[in-house]
Amino acid sequence: MKRNIGAKPALYPMPVIVVGAMNGDEPTWTLVAHTGIPSHSKIMVSLAGAHFINGCIKQAGVLSVNVVDKSWLDRADFCGSVSGARESKADVFAWTAGEAGAPLIDDAKLSMECRVEDVYEIDHFENFICSVVGTYADDSIVIEDGKVDVAALRPVLFEMPTYTYLATGEKIADCLSFAKVRKATE
């Protein structure tokens, strides 16, 4: 039997990312687990309005989305525990500038460089609606037709309200394959 547990956004877990933006001549980073895909051509990064990096993103107009895997989770977690207003996080990661100028984490097997198209505020969060201008993927996670093999990437997931990191990587089925099996048995 199901019971009503209240008005909770129970769509977790979400992929853990580190957002990068330039703070003058050096990068700054923050850990993020509130992201979304509002359309096939846009992504959304949602940050509490008080984050230091928000001003840097607005100033530059670009940001990077770096998908976290277990190999650098410790440094990603650190970036979520320290404010860039109080301490520089520029040296936490080796990085390379993307073609639009956003800092891309060298250790990330998957990074997206994004141009901010719009920002809207809701419940003290600033939601950056972005166009992806470049997706940078390590050869080890790229399969045919330039697609990303998420099972090989093994992104870390964040679960709330328990504030837990989860591992991924097991493929259980191809999307829409169950419909084919059902039709074959009819």
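D145 sits in the loop that links β11 (142-143) to β12 (147-148); helices (H or I, at least four residues) and strands (E, at least two) are DSSP runs, numbered from the N terminus. The phi angle of D145 is near 60°, a positive value in a residue other than glycine. D145 counts as exposed because its relative accessible area is 70%, where buried means under 20%, exposed over 50% and partly exposed in between (1.4 Å probe, protein chains only).

This is a predicted model, in which local features need pLDDT of at least 70, side-chain atom pairs count only at pLDDT 80 or more, and totals for chains, interfaces and linings use all residues. Residues are numbered from 1 along each chain as its sequence is written, and side-chain values use heavy atoms, with hydrogens and water left out.

D123 also has a positive phi, near 50°. D123 belongs to the loop between β9 (110-122) and β10 (125-137), and D123 is exposed, at 63% relative accessible area. Most residues other than glycine have a negative phi, and most peptide bonds are trans. Two cis peptide bonds are listed here with their places.

| Cis bond | Omega | Place of the proline |
|---|---|---|
| Y12 to P13 | near 10° | P13: segment before β1 (14-15) |
| M160 to P161 | about 25° | P161: loop between β13 (157-159) and β14 (164-166) |

Zero disulfides are found in the whole structure, a disulfide being a pair of cysteine sulfur atoms within 2.5 Å. C56 is in none, and the nearest cysteine sulfur, that of C79, is 13 Å away. C56 is buried, with 8% relative accessibility. The sulfur of C130 lies 5.0 Å from the closest cysteine sulfur, in C114, which is too far for a bond. C130 is buried as well, at 0% relative accessible area.

Turning to the whole protein chain, the secondary structure consists of four helices and 14 strands. The radius of gyration is 18 Å, which agrees with the value near 16 Å for a compact globule of 186 residues; the radius is taken over C-alpha atoms, and the globule rule is 2.2 Å times the number of residues to the power 0.38. Along the principal axes, the C-alpha atoms fill a box of roughly 65 × 45 × 30 Å. Of the 186 residues, 38% count as buried. Among contacts (heavy atoms within 4.5 Å) between residues at least 6 apart in sequence, 59% join residues at least 24 apart.
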